[in-house]
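Got your viewer open? Load the model, turn on the cartoon view, and let's take a walk through it.

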Amino acid sequence: MKLFIDTGSLKDIEKLVPIGIIDGITTNPSLLAKEEEDHRQILKRICDLVRGPVSAEVVATDAEGMVREGRDLAAIDEHIVVKVPFGPEGLKACGRLRADGHRVNVTLVFSAAQALLAAKVGASYVSPFVGRVDDIASDGMRLIEEIVEIFDNYDFATEVLVASARSPMHVVQAARMGADICTCPATVIEALFKHPLTDIGLERFLKDWEKAQAVKA
Ligand code: E4P
């Protein structure tokens, strides 16, 4: 499973990309709004650092505007994936941007029915928001199970991009369900590294080694 960082922060990206586990980045208007730099400049710098898919979202609400903005975003760098919101206008824009040869991520997906419609117009990625589904006392990961099953039934090329992942267990469950990608904040990715037995084990190995060296000296 590919792992993306859901961020607009270059600091997050500079910290995690050199480890070799990051395959791409997702951004959204709320994340980019937190950054001081112009969004086009940030997106370009992210693409230069990651050299993998970088989702950049349109803010227009009509298909015409989304296509115009999408083309403009795609011109920033070859790694840009145009993100459009789910809905009739978003799907219309998705079809047109795909016909232009751009990759498209259909975002704000909250049901299997929506994911099916996005796949039918050739979306490169669908982004079901698991954390926000959990927030309304429903089961976000059940949604991923359903989408993976539907896409497998029909061999859709659309990749399932698990979004709004809020905990390491979301990542593990996404991988067990066969999702293609999971995107999460840097804090969640950092939490994936942690296990107390790793820390205790390392401490013990180093202590034993030091003791042995002292005896031999
Ligand atoms: C996905 O592409 C979105 O940017 C993101 O995962 C939303 O996450 P949130 O629900 O934690 O804001």
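Here is a tour that goes from the whole chain down to single residues.

Some housekeeping: this is a predicted model, where local features need pLDDT of at least 70, side-chain atom pairs count only at pLDDT 80 or more, and totals for chains, interfaces and linings use all residues. Residues are numbered from 1 along each chain as its sequence is written, and side-chain values use heavy atoms, with hydrogens and water left out.

**Whole chain.** Select everything. You'll see eleven helices and eight strands; these are DSSP runs, numbered from the N terminus, with helices being H or I of at least four residues and strands E of at least two. The C-alpha trace spans about 75 × 40 × 30 Å along its principal axes. Of the 217 residues, 46% are buried, meaning under 20% relative accessible area with a 1.4 Å probe, protein chains only. Now look at contacts (heavy atoms within 4.5 Å): of those between residues at least 6 apart in sequence, 58% join residues at least 24 apart.

**Helix α4.** Next, select residues 63–74, the twelve residues of helix α4. Why should this helix span 16 Å? The expected span is 1.5 Å times one less than the number of residues, and the end C-alpha atoms are indeed 16 Å apart, so the two agree. Show the side chains of A63, G65, M66, V67, G70, L73 and A74, the buried residues of α4. They pack against α3 (39–50), β3 (54–57), β4 (80–85) and α5 (88–99).

**Strand β3 and its partners.** Stay with β3 from that list. In a regular strand, side chains alternate between the two faces of the sheet. Here V54 and A56 point one way, S55 and E57 point the other way, and all are buried. Add residues 24–26: this is strand β2, which pairs with β3 in the parallel sense over two bridges. (Two strands pair if DSSP finds at least two bridges between them.) I25 stands opposite V54. Then bring in β4, which pairs with β3 in the parallel sense over four bridges; K83 in β4 is the bridge partner of E57.

**I181.** For the last stop, jump to strand β8, residues 181–184, and click I181. Is I181 buried or exposed? I181 is buried, because its relative accessible area is 0%. Leaving out residues up to four places away in sequence, I181 touches M1, K2, F4, Y125, E159, V160, L161 and V162. Try the distance tool on L161: its C-alpha atom is separated from that of I181 by 4.6 Å, though the two are 20 residues apart along the chain.

How values were computed
Buried means under 20% relative accessible area, exposed over 50%, partly exposed in between (1.4 Å probe, protein chains only).
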